[in-house]
Amino acid sequence: MEVLTVEELPKEEYYMPGNALCAGCGESLAMRLALKILGWKTIVVTVPGCMSASLIMGASAVPLLVGPFASGGALLSGIETALEAQGITDVNVVAFIGDGGTADIGFQALSAMVERGHNVLYICLDNEAYMNTGGQRSGMTPLKASTTTTPGMGLLKGKLQPKKDMPLIMAEHGAPYVATASIGFPLDYMGKVKRAMKIRGPKYIQVLCPCPVGWGYHESKTVEIARLAVACRVWPLYEVEGGKFTLTYEPREPKPLREYLRAQRRFDHLTEEDMAELERLVEEKWRRLKLRSLTG
Ligand SMILES: Cc1ncc(C[n+]2csc(CCOP(=O)(O)OP(=O)(O)O)c2C)c(N)n1
């Protein structure tokens, strides 16, 4: 685990202000913080999504490649292989891709890239839906959340399936470094980016990026919501390095999940029973992760 302090943080910025993303966008903060650590010797890869919309309009101060939606892992693989063929070893090759582009349409390319063992970093900007095209559900939308394709009203009452557990799926691929992060815990997140860049092979970090438009809360509350997700343990922070699982933050007094759910319009339709079920699932998963952290 890499411990960072505020004093050590670089002053330089490589993600430019005044871009096309919404006020309070969690993804833009995730991008900005990671690029501070990665520095100028970085090639950024992305695919269609909110992030590509801002990057195409000039938000990136480092070289950028935007490719087809399903191709993130393949783009990373190609760039890394081309650099290696030229003997260039000091350039970071890093993807910033949404949860839809990661867990659904880009899954095959990502899985194959990890299996081949490319020396790259893949950062999944997880806002839990296809936000750039109007907030449709993705494989990483949580159970019962309302989206434009899983409305909270009518018969459906939100998403019927649970969130796909991409970080653990990546860990089971044998990636040498996998971590979860939240923009509400910037030093933990940036420390994980720093740690990842010291490790050879495919690295995967999934950072929770609340979205005021899709989740339904005021744009000033993005960081607060990102902190609450960790505080109530619905989004545990951990890393898996060389197969060893470590919880990087354990809330001393966890907040009630209801505080998190009630703060967002996408959970407005939940009944007492729904909330109790989600609480039970969060509790169960935490117990499993805690056990894993004790047994390595
Ligand atoms: C093959 C293909 N299908 C659909 C689209 C339309 N499309 C562009 S961005 C996007 C949503 C991206 O969602 P996600 O990956 O979760 O990123 P976010 O916008 O939430 O950051 C979609 C469906 C596309 N560009 N290409």
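**A ligand shell and an open sheet**

Sorted by class, the residues that form the shell around the ligand are seven nonpolar, seven polar and two charged ones. The model in which this shell is found is a predicted one, and the ligand is a good place to begin reading it. Of the 16 residues around the ligand, those that come nearest are Glu 27, Cys 50, Gly 100, Gly 101 and Asn 132. The largest share of the shell, three residues, is supplied by helix H4, which covers residues 99-104.

Some of these neighbours can be followed down to single atoms. In the case of Glu 27, an N or O atom of the side chain lies 2.6 Å from an oxygen atom of the ligand. With Cys 50 it is a polar backbone atom that lies 3.0 Å from a ligand oxygen, and for Asn 132, too, a polar backbone atom is found 3.0 Å from an oxygen atom of the ligand. On its own the ligand has 590 Å² of accessible area, and the protein covers 71% of it.

From the ligand we can turn to the sheet, which is open and is formed by eight strands in the order E2-E1-E3-E4-E6-E5-E7-E8, with mixed pairing. Its edge strands are E2 (64-66) and E8 (244-249), each of which pairs on one side only, and neighbouring strands are turned against each other by 20° on average, if direction is ignored.

Within this sheet, strand E3 (residues 92-98) and strand E4 (residues 121-126) run parallel and are joined by five bridges, and Ala 95 stands opposite Tyr 122 in E4. Helix H11, made of residues 272-295, lies across strands E7 (237-241) and E8, and runs at about 120° to E8.

Notes: Residues numbered from 1 in each chain as written. Predicted model: local features only at pLDDT ≥ 70, side-chain atom pairs only at ≥ 80, totals over all residues. Heavy atoms only, no water. Near = heavy atom within 4 Å. Polar contact = N/O pair within 3.5 Å; in protein donor to acceptor, adjacent residues only side chain to side chain. Areas by Shrake-Rupley, 256 points an atom, 1.4 Å probe, with all protein chains shown as cover. Helix = DSSP H or I, 4+ residues; strand = E, 2+ residues; numbered from the N terminus. Nonpolar A, V, L, I, M, F, W, Y, C, P; charged D, E, K, R; others polar. Pairing = 2+ DSSP bridges. Axes fitted to C-alpha atoms, helices over the stretch in contact; angles between N-to-C directions. Contact = heavy atoms within 4.5 Å.
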